[in-house]
Amino acid sequence: METSFSDGNYYEEKFDSRVFLETYFNSTSGHRQENEFLTFSLKNLVNVFSNGPKFRRLLEIGSGPCLHFALCASGHAEEIVLSDFVRSNCQEIKLWLKNDPGAFDWSHFAKLVCELEGNREKWTEKEKKLRDSIKQVLKCDVNQTNPLDPVELEPVDCLMTSLCLEVACKDKAAYCAALRNVTALLKPGGVLIMNGVLNQTFYTVNNHKFSCVKFDQAFLRKIVKEVGYEIEQLEIFDGLDKSQNTLSDFNAIFFLVALKNKNAPC
């Protein structure tokens, strides 16, 4: 049976940020049922940042309570802005920024990212750089024309999002609208980095199911181009057989890099 749409109120009531982290991020390879999801994503992301330009400002839309993507961006962007809809997710990030003893420990991810970059021993420096470069943690709603309202952010050089749009939107039409909304936050010629899942309808946190818009690779390619991007890279990684995964039901993961057309409006 299809999972009913999980709206913002449902997330605020049912989404446990710490349980989410302990379920999916206790290991750098992710949960064993998700077939090296995180390893695939991090390797691609480190490669993109290591071989690309340094950005003045990078915005992550829908960071969740997570810092693994931001750790990859650390050292490759002068300023980083994180954002999420769920209040407790933003609070988790702020705990880490303050070096609060109760914050989730991201050191295992910092070590892995540094190892992928070629020097595992620099992980403490990586964490310090990230704390110094994160300038804002904002409320975000991708279903709004300005997802960061009431904040008016100058268009950024790099827009990064992972597992956000598909869970924030009710259907494909809403997904298309949300992608247009967040695209307005990116400069023409800017870089979009997206990480997500194909053909997923739900994921689970603390025995609560959360909905996801189901779409395939053809739809993804089509809407990204329609919104005004040229796809530079699209990698697909197969998930496990669905019978082996009780946490979610995706059949593949995608990692996409695209450039916003220079004549596209902000």
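By class, the residues lining the largest pocket comprise 22 nonpolar, 15 polar and six charged ones. The model is a predicted one, and in it this pocket has a volume of about 710 Å³. Its lining consists of 43 residues, and those nearest the centre of the pocket are Ser 162, Leu 163, Cys 164, Val 167 and Tyr 203. Several elements each contribute at least two residues to the lining: helix H1 (8–14), H2, helix H3 (37–50), helix H4 (68–73), helix H8 (165–168) and strand E5.

The sheet comes next. Seven strands form an open sheet with mixed pairing, in the order E3-E2-E1-E4-E5-E9-E8. Strand E3 (134–139) and strand E8 (229–238) are the edge strands; each has a single partner, so one side of each is left without a neighbour in the sheet. On average, and with direction ignored, neighbouring strands of this sheet are turned by 15 degrees against each other.

At the E8 edge, strand E8 is joined to strand E9 (residues 252–260) by nine bridges, and the two run antiparallel. Asp 238 stands opposite Ala 252 of E9. Helix H10 (residues 217–227) lies across strand E5 (186–198), E8 and E9, and runs at about 160 degrees to E8. Strand E5, one of the three strands that H10 lies across, also supplies at least two residues to the lining of the largest pocket.

At the E3 edge, helix H5 lies across strand E2 (77–84) and E3, and its direction is at about 160 degrees to that of E3.

Helix H5 also packs against another helix. Two packed helices are described by the angle between their axes and the distance between the axes. For helix H2 (residues 17–24) and helix H5 (residues 87–97), the angle is about 65 degrees and the axes are 9 Å apart. Angles of 65 to 115 degrees count as roughly perpendicular, which means that H2 is roughly perpendicular to H5. On the H2 side the contact is made by Ser 17, Arg 18 and Leu 21, and on the H5 side by Ser 88, Asn 89 and Glu 92. By class, this contact has one nonpolar, three polar and two charged residues.

Two points of backbone geometry remain, both in loops. Pro 150 is found in the loop between E3 and strand E4 (156–162), and the peptide bond leading to Pro 150 from Asp 149 is cis, with omega near 15 degrees. Asn 206 is found in the loop between strand E6 (202–205) and strand E7 (208–211). Although Asn 206 is not a glycine, its phi is positive, at about 55 degrees.

Technical notes. Residues numbered from 1 in each chain as written. Predicted model: local features only at pLDDT ≥ 70, side-chain atom pairs only at ≥ 80, totals over all residues. Heavy atoms only, no water. Axes fitted to C-alpha atoms, helices over the stretch in contact; angles between N-to-C directions. Helix = DSSP H or I, 4+ residues; strand = E, 2+ residues; numbered from the N terminus. Parallel < 35°, antiparallel > 145°, perpendicular 65-115°, else oblique. Contact = heavy atoms within 4.5 Å. Nonpolar A, V, L, I, M, F, W, Y, C, P; charged D, E, K, R; others polar. Pairing = 2+ DSSP bridges. 1 Å grid on protein atoms, 1.4 Å probe; cavity = no way out; pocket = protein on both sides within 12 Å on 5 of 7 lines; lining within 4 Å. Points joined across faces, edges and corners; volume = space filled by probe spheres on them.
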